[in-house]
Amino acid sequence: MVTLNEFIINRQAEHPEARGDLSRLLHHIGVAAKIVNKKINKAGLVDILGEAGGINVQGEDVQKLDVFANDHFTAALQASGEVCAIASEENQEIVTFDEGLSRDGHYVFCMDPLDGSSNIEVNVSVGTIFSIYRRLSPEGEPAALSDFLQPGTQQVAAGYVIYGSSTMLVYTTGNGVDGFTLDPGIGEFCLSHPGIRTPDAGRIYSINEGNYVHFPMGVKQYIKYCQEIDPASGRPYTSRYIGSLVSDFHRNLLQGGIFIYPETQSAPKGKLRLIYECNPVAFVAEQAGGSATNGRIRTLQLTPEGLHQRVPFYVGSRNMVEKAHEFLNTYH
Ligand code: AHM
Ligand code: MG
């Protein structure tokens, strides 16, 4: 059995020129994930302990879980000293670490600390999504917004933690995708899914069909295609939608499928955020042999214009994303 830390050390040994700071950073992400996991497992007790935002029976403030996750990831990263600034779904602006070791950290870190958090009260899996870039601003100066507005192709590492029936950490450093499952007995992430490859052709489509009337014509037609009978291509496909990006993506990654959050009339840019939701997921998808686009252009090539920018998102098995594009190009 290979633990996450052993895996990181082994990988680093393959690169004698590496300084080891990315390795330390990945280690700290693992630590924060374990802390957040513990808290999420207790979330079912929230009724006993007190409503989030209120006061529990012991008279303590009950923090919302997404704020808890944000605080703990931020603290772990600041402690690592490798990260000079953070962008998070929870913070309107970037947070810079201007003191101590972190000031000269070589990386900036983007995260959605707890994606799908509205699912927690009904016991559905949620996740943390993260992405790491090299800083562009000179060391010795505070990090700047421009450090975060790099296209996804510049990601040094990205991945997610899924807090599900078991807790997993899945990440890439641009050299394939590896998955680690948390063994609660020993409190370690253990390599369970080395070298994940996603099937080229899948049979699952994931989209919030409640928004059907608002979808672009190409998406409507693609959904119709997914539902038609054609034994040669395995259609009709199966529809699966949890409403928790990490869970929906993770299932499709392993089994083959497409996840779509398109532009709609009410949300012309889609719902999902480019920097800390789509780009990291797109990097993992591509590294596993899949693809990710905004319906026209490769997600990783989009130049972010703002920290919380939204983009339409089509991600998953290569052949399925290609097919969806055909429909988008044919029907307007
Ligand atoms: P959140 O960041 O506020 O949790 O929203 C993101 C979530 C994703 O996990 C999920 O894919 C999507 O919202 C679901 O949206 P919808 O309920 O509109 O289908
Ligand atoms: Mg989110």
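Leaving aside neighbours within four places in sequence, which residues is D115 in contact with? Here are my notes on this predicted model, starting with that one.

1. D115 lies in strand 3. Leaving aside its neighbours within four places in sequence, D115 is in contact with V126, G127, I129, S244, L245, V246 and E277. D115 counts as buried, because 27 C-beta neighbours sit inside 10 Å and the cut-off for buried is 20 or more.

2. Next look at D112, which is also found in strand 3. D112 is buried too, with 30 other C-beta atoms within 10 Å. If you skip residues up to four places away in sequence, D112 touches E89, T128, I129, Y276 and E277.

3. Why pick out these residues? UniProt, in an unreviewed entry, places the feature "binding site" at D112, D115 and E277. They are spread over 166 residues of sequence, yet they cluster in space, the largest C-alpha distance being 8.4 Å.

4. Now step back to the whole chain. The domain assignment gives domain 1 (4-196) and domain 2 (204-331), and their C-alpha centres lie 24 Å apart. Domain 1 puts 35 residues into the contact and domain 2 puts in 27 residues. On the domain 1 side, the elements giving two or more residues are strand 1 (83-88), strand 3 (107-115), strand 4 (126-134), strand 5 (155-163) and strand 6 (167-172). That side divides into 18 nonpolar, 14 polar and three charged residues.

5. The largest nonpolar core has 87 residues, and V83, V108, F109, L169, V281 and V315 touch the most other members. Helix 7 (residues 274-287) supplies the largest share of this core, with nine residues. Each of the two domains gives at least three residues to the core. To see one of those well-connected members up close, try L169: not counting residues up to four places away in sequence, L169 touches L4, G30, A33, G159, V161, F180 and F189.

6. Two backbone details are worth a look, since most residues other than glycine have a negative phi, and most peptide bonds are trans. The peptide bond from R235 to P236 is cis, with omega near 5°, and P236 has its place in the loop between helix 5 (217-227) and strand 10 (238-239). Then there is N123, in the loop between strand 3 and strand 4, whose phi is positive, near 65°. Is N123 buried or exposed? N123 is exposed, because just 8 other C-beta atoms lie within 10 Å and the cut-off for exposed is 12 or fewer.

Conventions:
Residues numbered from 1 in each chain as written. Chains lettered and ligands numbered in written order. Predicted model: local features only at pLDDT ≥ 70, side-chain atom pairs only at ≥ 80, totals over all residues. Domains from an automatic or database assignment. Contact = placed C-beta atoms within 7 Å. Helix = DSSP H or I, 4+ residues; strand = E, 2+ residues; numbered from the N terminus. Nonpolar A, V, L, I, M, F, W, Y, C, P; charged D, E, K, R; others polar. Core = buried A, V, L, I, M, F, W, Y, C linked by C-beta atoms within 7 Å. UniProt positions renumbered as here; feature names shortened; annotations may be inferred.
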